[in-house]
Amino acid sequence: GMTIFMIIISAVCLTAAGMTGKVGMIAVLMMASFIGTTIGMAGNFMSELKVAHMTGATPKKMEQWQIVGTILCAVLSVGVMILLNDAYGFVGDHALNAPQANAMAAIIEPMMTGGSAQWPLYMAGALFAIILWMVKVPPLAFALGTYLPMEINTPLLIGGLIAYFVQNSTKDKELADLRFSKGSTIASGLVAGGAIGSLFSAVLRIAGVDVFAQDWVETPEATYLSIVMYLLLCAFLYKVAMYVKAKKAK
């Protein structure tokens, strides 16, 4: 949200200064990359402060490894983007979903190609966000759900339902928190494993190794099997989180 707000402000300022077209788009994206990276690193550093306090790390050591981490992340992130673009691409048929990039493009392109910002829509969104805040609905989470495609939104919804059932499985708040923490840990591992698996499949695709059975994937049998496996995965996640009760009883 903060990055998109930065895009709007910077695009208005640059167009007012006469910088438009492709050069203006690149300039806006560079500014957005800077602010997005800064916000991301700030949030990460806040989390590391707690870990550093627990492990006895010094501020000097934290600063040193922050520099190392920044350099490695910059190199690896660019490398991953190039790898995914070469393997699948981000435009055309069977391209990877890039909803955030598409949202940014929808903001930048009209302003940088002679158009104007959709101020009525922006104001409507701002007023709607205030209404959501008043009824205790997180505006950012709601906004993310409105532009993410259904194939991304559906797993998020199911994951949220599992988390809700786990957190409300007992009136013991401490036990509920333990179960939620256990489930979150397993879910985080699944996310990381999925990311690693996607990179591995991209490398195989570039190398010309066909292990994807593309023709079979389009069949109804593959769809039904994937649904069954997904439901089993959801049941596994719920059972692992709920197993905290059995361990506590012992």
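Which residues lie nearest the centre of the second largest pocket? Keep that in mind while you get your bearings; the tour ends there.

**The whole chain**

Start zoomed out, in cartoon view. You're looking at a predicted model. Colour by secondary structure and you'll find 10 helices and 0 strands, so to speak α-α-α-α-α-α-α-α-α-α from the N terminus on. Along its principal axes, the C-alpha trace spans about 70 × 50 × 45 Å.

**Stop one: H1 and H2**

Select residues 2-16, which is helix H1, and add helix H2, residues 21-55. The H1 and H2 axes come within 9 Å and cross at roughly 145°. Turn the view to look through the pair and you'll see a right-handed crossing.

Now show side chains. On the H1 side, pick Met2, Thr3, Met6, Ile7, Ser10, Ala11 and Leu14. Facing them on H2 are Gly24, Ala27, Val28, Met31, Ala32, Ile35, Gly36 and Ile39. Colour this contact by residue class and you get 11 nonpolar and 4 polar residues, with no charged ones.

**Stop two: H2 and H3**

Keep H2 on screen, hide H1, and bring in helix H3, residues 59-87. Here the packing angle is about 140°, and the axes are 12 Å apart. H2 and H3 are therefore oblique to each other. The crossing of H2 past H3 is right-handed.

For the contact itself, select Met41, Asn44, Phe45, Glu48, Leu49 and Ala52 on H2. Their partners on H3 are Met62, Gln66 and Thr70. Sorted by class, the contact of H2 with H3 holds 5 nonpolar, 3 polar and 1 charged residues.

**Last stop: the second largest pocket**

Clear the selection and jump further along the chain. Pick helix H7 (150-167), helix H8 (173-206) and helix H10 (220-249); each of them supplies at least two residues of the lining of the second largest pocket. Switch on a surface and look for a space of about 480 Å³.

Back to the opening puzzle: label Pro155, Gly159, Ala187, Leu190 and Leu237, the residues nearest the pocket's centre. They belong to a lining of 21 residues.

Which helix gives the largest share of that lining? Highlight H7, which contributes 9 residues. Finish by colouring the lining by class: 16 of its residues are nonpolar, 4 are polar and 1 is charged.

Conventions: Residues are numbered from 1 along each chain as its sequence is written. This is a predicted model: local features need pLDDT of at least 70, side-chain atom pairs count only at pLDDT 80 or more; totals for chains, interfaces and linings use all residues. Side-chain values use heavy atoms; hydrogens and water are left out. Axes are lines fitted to C-alpha atoms, for helices over the stretch in contact, and angles run from 0 to 180 degrees between N-to-C directions. Helices (H or I, at least four residues) and strands (E, at least two) are DSSP runs, numbered from the N terminus. Angles under 35 degrees count as roughly parallel, over 145 as roughly antiparallel, 65 to 115 as roughly perpendicular and the rest as oblique. A crossing is left-handed if the near helix is turned anticlockwise from the far one by less than a right angle, and right-handed if clockwise. Contact means heavy atoms within 4.5 Å. Ala, Val, Leu, Ile, Met, Phe, Trp, Tyr, Cys and Pro count as nonpolar, Asp, Glu, Lys and Arg as charged, and the others, Gly among them, as polar. On a 1 Å grid over the protein atoms alone, a cavity is a set of points where a 1.4 Å probe fits but cannot get out, and a pocket is an open set with protein on both sides within 12 Å along at least five of seven lines; lining residues have an atom within 4 Å of a point. Grid points are joined across faces, edges and corners, and a volume is the space filled by probe spheres set on the points.
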